[in-house]
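Visitor: Could you give me a close look at how the helices pack against one another here? I'd like the angles, the distances and the residues that make the contacts.

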Amino acid sequence: MSAQLSDYRLDGIYVQRQSGFFMQRVKLPAGVVSAGQARAIAAVAAHFGQGTIHLTTRGSMEIHWLKEDDLAQVKRELAKAGLTSRGACGGAVRGITCGSQGVQGFPVLESLARRLHRHFTGNPRFERLPKKFKIGLEADSASGRHLIQDVGLVMAKNEGGQSCYDIWIAGGLGREPRPGFLLFKQVTEERIIPIIEAILTVYAAHAPPPKRLKFLASEFGEAKLRQLIETEDCFGDKIPPVSGLTDNLITEADGRQRLELPVFAGRLTAEQLTTIAAAADTYADGVLMVTSDQDIAMLLLAGVDAVVQRNTLQLLTGLASYGFTNGLRVCPGSHECRMGLTATIDLAHELVAQIGAQGRKLSWAVSGCSNSCTQPQLADVGIMTARQSADEDGQKTARFDVYRRIDTGLGQKVHIGLTKTELIEALQSIE
Ligand code: SF4
């Protein structure tokens with residue numbers, strides 16, 4: 001990889017599948033974005049891209065179809081709105097995620113996500129890492145999302161303004177999925193940043209590119225990895241929680257309703273996002289959230305009815321419900337991603353047309369390659385494009401693995417190497 005492409009990655013830019021085009025990812029701590037920032041992203045997509053925005057499972061927004069000559073101006077336009085992409089791709093601490101936006105304690109999680117975002121984003125001590133480094137916060141362990149992070153923080157207590165977290169580390173998906181392990185229980189907030197710094201220092205010192213932290217857990221074993229972390233100089237430090245007013249944009253729900261607007265495959269047009277931002281200004285204190293299912297959510301003002309507002313927004317935007325009540329996560333696949341082995345959005349349309357009523361009540365995820373960006377191992381039904389094989393005419397066709405998650409860990413493979421016809425047949429009557 002050239003130095004320039006490596007620098008582009010640190011600025012949150014990937015080369016797109018289509019020659020001459022680039023994707024810009026925008027970091028949104030805990031998936032929270034102001035309506036003004038959303039409008040800025042929509043304006044960039046309309047002016048410099050092809051007017052589309054992709055919502056990711058990690059709460060980021062991506063703008064595709066950018067030209068290289070425009071990248072510097074795109075960065076300036078995003079910076080004007082207080083947005084950054086630094087470290088959104090490449091070997092850096094990626095966007096801080098939170099899949100618990102709907103819980104009572106979310107403002108505390110959002111505050112910590114913003115603090116971690118401020119501390120690690122653009123910090124040269126934690127850039128040019130062997131590979132990506134993902135941090136995620138959760139209110140509890142039910143979703144299993146803490147198991148797939150390099151550092152997963154699960155809130156253990158939140159009393160009297162003091163919160164503490166269980167720290168899980170060295171998880172990850174990809175070709176060799178590995179669930180994270182519990183490093184420490186009930187760590188107070190003042191120790192969180194020093195411990196993550198110690199983990200990052202060990203990772204940078206011992207992991208060869210392009211390996212993730214999970215490689216060290218496999219190579220060294222959990223006990224040695226823990227011992228290396230504990231002997232780092234910064235490990236025992238304490239950094240007091242930020243005093244004074246907090247900067248979370250979402251406040252306690254206090255009985256207010258949350259509106260979730262389903263966005264098929266996380267695809268929005270600039271016009272749709274602008275319309276949603278206007279509704280957030282009027283009905284939701286000017287704040288939006290990108291959910292871990294690639295939908296858009298907002299916490300409505302007191303007295304505003306979520307069903308009425310969702311119906312209105314669906315009429316205004318044309319974002320219809322597609323009938324998968326627990327989510328259908330879909331990555332860009334070969335539509336835009338260089339790694340994609342199949343046209344994921346086309347496949348998702350087929351699933352919507354073919355899957356029966358029982359199956360539609362499950363959570364689904366479709367990934368265009370083994371990188372598993374939609375986390376198929378955490379869905380009730382996960383479809384991963386595992387490889388391509390050539391048929392008799394030399395035509396390449398995708399082969400799919402299917403995962404089912406039936407307990408609290410990662411899903412297990414139940415089908416291997418299916419053709420698309422076999423895949424649809426296998427899933428049509430799933431329950
Ligand atoms: S799963 Fe693969 S194809 Fe899909 S976005 Fe990630 S890298 Fe691209």
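Guide: Overall dimensions before the helices: for 431 residues a compact globule should have a radius of gyration near 22 Å, and the protein chain agrees, at 21 Å (taken over C-alpha atoms, with the globule rule being 2.2 Å times the number of residues to the power 0.38). Bear in mind that this is a predicted model: local features need pLDDT of at least 70, side-chain atom pairs count only at pLDDT 80 or more, and totals for chains, interfaces and linings use all residues. Residue numbers start from 1 along each chain as its sequence is written. Along the principal axes, the C-alpha atoms fill a box of roughly 60 × 55 × 50 Å.

The protein chain has 12 helices and 19 strands; these are DSSP runs numbered from the N terminus, H or I over at least four residues for a helix and E over at least two for a strand. Packed helices are described by the angle between their axes and the distance between the axes. The axes are lines fitted to C-alpha atoms, for helices over the stretch in contact, and angles run from 0 to 180 degrees between N-to-C directions.

Let's start with α8 (residues 270-283), whose axis comes within 9 Å of that of α2 (residues 35-48), crossing at roughly 165°. The two are therefore roughly antiparallel (over 145 degrees; under 35 is roughly parallel, 65 to 115 roughly perpendicular, the rest oblique). Their crossing is left-handed, as in the near helix being turned anticlockwise from the far one by less than a right angle, with clockwise giving right-handed. On the α2 side you'll find A35, A38, R39, I41, A42, A45 and A46, meeting A270, L273, T274, A277, A280 and D281 of α8; contact here is C-beta atoms, placed from the backbone, within 7 Å. That contact has 10 nonpolar, one polar and two charged residues (Ala, Val, Leu, Ile, Met, Phe, Trp, Tyr, Cys and Pro are nonpolar; Asp, Glu, Lys and Arg charged; the others, Gly among them, polar).

α8 also packs on α9 (residues 306-317), at about 150° with the axes 10 Å apart, which makes this pair roughly antiparallel too. Here the crossing is right-handed. Q272, T275, I276, A279 and Y283 of α8 meet Q309, L313, L316 and T317 of α9, and the mix is five nonpolar, four polar and no charged.

Then there's α6 with α7 (residues 222-230): an angle of about 120°, axes 6 Å apart. L216, A217 and F220 from α6 touch E222, K224 and L225 from α7, giving four nonpolar, no polar and two charged residues. Just upstream, the loop between α5 (189-206) and α6 (213-220) holds P210, and the P209 to P210 peptide bond is cis, with omega near 0°.

One backbone oddity away from the helices: W65, in strand β5 (residues 61-67), has a positive phi of about 65° without being a glycine.

Note on methods. Contact = placed C-beta atoms within 7 Å.
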